Amino acid sequence: MGHKWASGVIPFGNLKLVAQLLVLLVVLCSNLCQSLDLDPEDRASMLLFRSGVQDPSLSLSSWVGSSCANWTRITCQNQTGRVVSINLSNMNLSGQIHPSLCKLPFLQDLVLSQNNFICPIPVCLGTLSLLRTLHLGQNRFQGVVPDTFMRLGQLRELVLNENNDLGGVIPWWIGNFSAQLEKLDMGFNSFHGEIPESLLYSKTLKYLDLGNNDLSGSLSDFHQSLVVLNLGSNQFMGTLPCYSTCQQSLRVLNLANNSVVGGIPTCIASLQALQHLNLSFNQLTYEMSPRLVFSEKLLLLDLSNNDLSGPLPSKVAETTDKSGLVLLDLSHNRFSGEIPLKITELKSLQALFLSHNLLVGEIPARIGNLTYLQVIDLSYNSLSGSIPLNIVGCFQLLALILDNNNLSGEIQPELDALDSLKILDISNNNISGEIPLTLAGCKSLEIVDFSSNNLSGTLSDAITKWPNLRYLSLARNQFTGNLPSWLFTFEVIRMMDFSGNKFSGFIPEGNFNMSMSYNNREVDRMQRDPFVSMQSADTKVLILVTGSIELSFNYILSSMVGIDFSNNGLDGEVPVGLFGLHGLEYMNLSHNYLRGGVPDLEKMWSLKALDLSHNSLSGPIPGNISSLPDLTLLDLSYNSFSGFVTKKQGYKKFPGAFAGNPNLCLETSDGGCDPASLLVVPGKAFVGEEEVEGRISVWIFCVSAFLSFYFGGLALFCSPRARRYILHTKA
């Protein structure tokens, strides 16, 4: 019998009917799946677990009935209804974990991360023999890792990071208990001791994070194809291994903040897949070999805070039109010589940090070729010459930090092309001339430090075009003229330092209610040590490196909220409004020719330091000094104050604060008045026409950076003074 092949066309009407039937079939199937009932035993176990959990957000309120589809973050096995997956991450849960959770024999994935569970890790979790994923990170689990976990032979991911009270010695079996283990994250805990040998030979392991613990011992080589290795912020010693087994696989290597010694071996450059290398905060020495050239895949290289010396490497990494270094940090070393021109060929570079070295010569003019640059920090070197005009080619620049060098010349008017610039610090150089009016074009400026230069002229109206100004220091220059009327018009200003110039005339009256910081309307106010914060400002620069290797920029400014007009030629009375600023923490008007009285300070409840010394102020001392609980430094010496100062005014907290006021006397123990009890201010006196600095320093601003770099899930936190690194890389 022959076979007959037939073909035909279904009429349109019938085709439409078939399509509707198919849709109905899919819906029915979907409803059938959704109506799958939770296994009764598993349901009872889950309800017991919920009974022991504190759930203020009512995240688990849907755990009612028997339909698995209605139970939030629960996945059930088809047909049987057994629970196979629980994901309760970031649900604001707290309390303890009921042992009933261990009575889910088919459970494969358990994720409880980013909550607030406070208890030891349940020992019974080791009975869940089918577990593939166990995430308990970012909680408050305590104690040690249970030995029962040795039974979890199917486990692929074990994440225990960020449980501060979880510690002890890392279990000896951690590297061989599961033949499937690919990811082990025990970072940000309190583990101590050495790395178990089993971890060095765990063949399936790809991701290992033991960072930010108290681990010690010599650095060892690993004998598997790791992709991510983070041992940062521990106490490891020894020289840098080659990690040759990982030559084709390792993408992230973080050994920062340990005690690694010796030089950087050239074999490290053989890690062909390496994208992030962080060796900062170690004790690395010697020169960098010219043969140490990384592949074009390297994106982040941080060798900062070591003792590396010699010339900067002329070539750090290969580069192509589409790939290359995004961040290069060689700061806080002893590199010498000039900045090599080859650095200007790193076309992908977005952040360059060469600060705190021994570099000389001029800033390469070709730096303007780096059109993707967002941050340049060349501070604390001995660079000379002028700021190259070609730097305007870095048109995406957000932070230009060149302080503490030997730079000269003038501020170029063409810098107005950097209209995205937020931080401009050229302090402690030899820059002269006036502030160009064209800088009005830099409308994004928020932190400006021109202090300790030879700048002159009157205050430029260009400053009024910086509406987001938060910090302005023009201290220790040669500026002249009157203080302008727009001085107090900046809404978000935190610190204004014009000390050590030749300003004259009155302090202008103004709308002192404009500044949110001065008037205590700022939300992010921080507790700071006045002795420290008066002398420095901390600028925390946050840089986000996304998966497409682009940086996004932000920063946090932490500084004393204050005003410093000291060491000028100002006269007239102090505007009463200045003494009504609730949020002001620091005010220094010393060494001027100010006159008139000082009103009560009762509204200045945030005040920590007040220096009005060496003026011609008169009248009685403010009577409510003792009512200012945070006031730590007070100097009213060498004025013309008069009257009787009682003990109730709390003057004994400030020895010498009233010296040099001949018409003023302090109450004695018998209630009398004794002018002789006015002590001399330590360290401050007139010597002919010269004067010696007093207790309250006029040095206010030294920008230091706290930089954060993230790549995907990679986070590297660093600061030029005390950089600390945290690694979060998602597999």
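Biologist: How far apart are the end C-alpha atoms of helix 2 (residues 40–51)?

Modeller: This is a predicted model, in which local features need pLDDT of at least 70, side-chain atom pairs count only at pLDDT 80 or more, and totals for chains, interfaces and linings use all residues. Residues are numbered from 1 along each chain as its sequence is written, and side-chain values use heavy atoms, with hydrogens and water left out. Helices (H or I, at least four residues) and strands (E, at least two) are DSSP runs, numbered from the N terminus. The expected span of a helix is 1.5 Å times one less than its number of residues, so the 12 residues of helix 2 should span 16 Å, which agrees with the distance between the end C-alpha atoms, 17 Å.

Biologist: Do the buried residues of helix 2 line one face or opposite faces, and within what arc do they fall?

Modeller: Buried means under 20% relative accessible area, exposed over 50% and partly exposed in between (1.4 Å probe, protein chains only). The buried residues of helix 2 are Asp42, Ser45, Met46 and Phe49. The arc is taken from the directions from the helix axis to the C-beta atoms. These residues line one face of helix 2, because seen down its axis they fall within an arc of 100 degrees.

Biologist: Which residues are exposed on the other side of helix 2, and which strands help cover its buried residues?

Modeller: On the side of helix 2 away from the buried residues, the exposed ones are Pro40 and Ser51. The cover over the buried residues includes strand 1 (53–54), strand 2 (74–76), strand 3 (83–87) and strand 6 (116–117).

Biologist: Which residue caps the N-terminal end of helix 2?

Modeller: The backbone nitrogen of Glu41 has a side-chain oxygen 3.0 Å away. That oxygen belongs to the cap of the N-terminal end, Asp39.

Biologist: In the open sheet of six strands, which strands stand at the edges?

Modeller: Two strands pair if DSSP finds at least two bridges between them. The sheet has the order 9-11-13-15-17-19, with parallel pairing. Each edge strand has a single partner strand, so one side of it is left without a neighbour in the sheet; the two are strand 9 (167–169) and strand 19 (283–284).

Biologist: Which residue in strand 11 stands opposite Gly167, and which in strand 15 stands opposite Gly217?

Modeller: Strand 9 runs parallel to strand 11 (residues 190–193), joined by three bridges, and Gly167 faces Ser190 there. Strand 13 (residues 214–218) also pairs in the parallel sense with strand 15 (residues 235–238), over three bridges. In strand 15, the residue opposite Gly217 is Phe236.

Biologist: Which residues of strand 35 (residues 502–505) form its covered face?

Modeller: Strand 35 pairs in the parallel sense with strand 33 (residues 478–482) over three bridges, and it runs parallel to strand 39 (residues 569–573), joined by two bridges. Ser504 is the bridge partner of Asn482, while Gly505 stands opposite Leu570. Lys502 and Ser504 make up the uncovered face, and the covered one consists of Phe503 and Gly505.

Biologist: How many strands does the protein chain have, and what percentage of its residues is buried?

Modeller: The chain has four helices alongside 52 strands. Of its 731 residues, the buried share is 54%.

Definitions and conventions
Contact means heavy atoms within 4.5 Å. A polar contact is a pair of N or O atoms within 3.5 Å; within protein, one must be able to donate a hydrogen and the other to accept it, and residues adjacent in sequence count only if both atoms are side-chain atoms.
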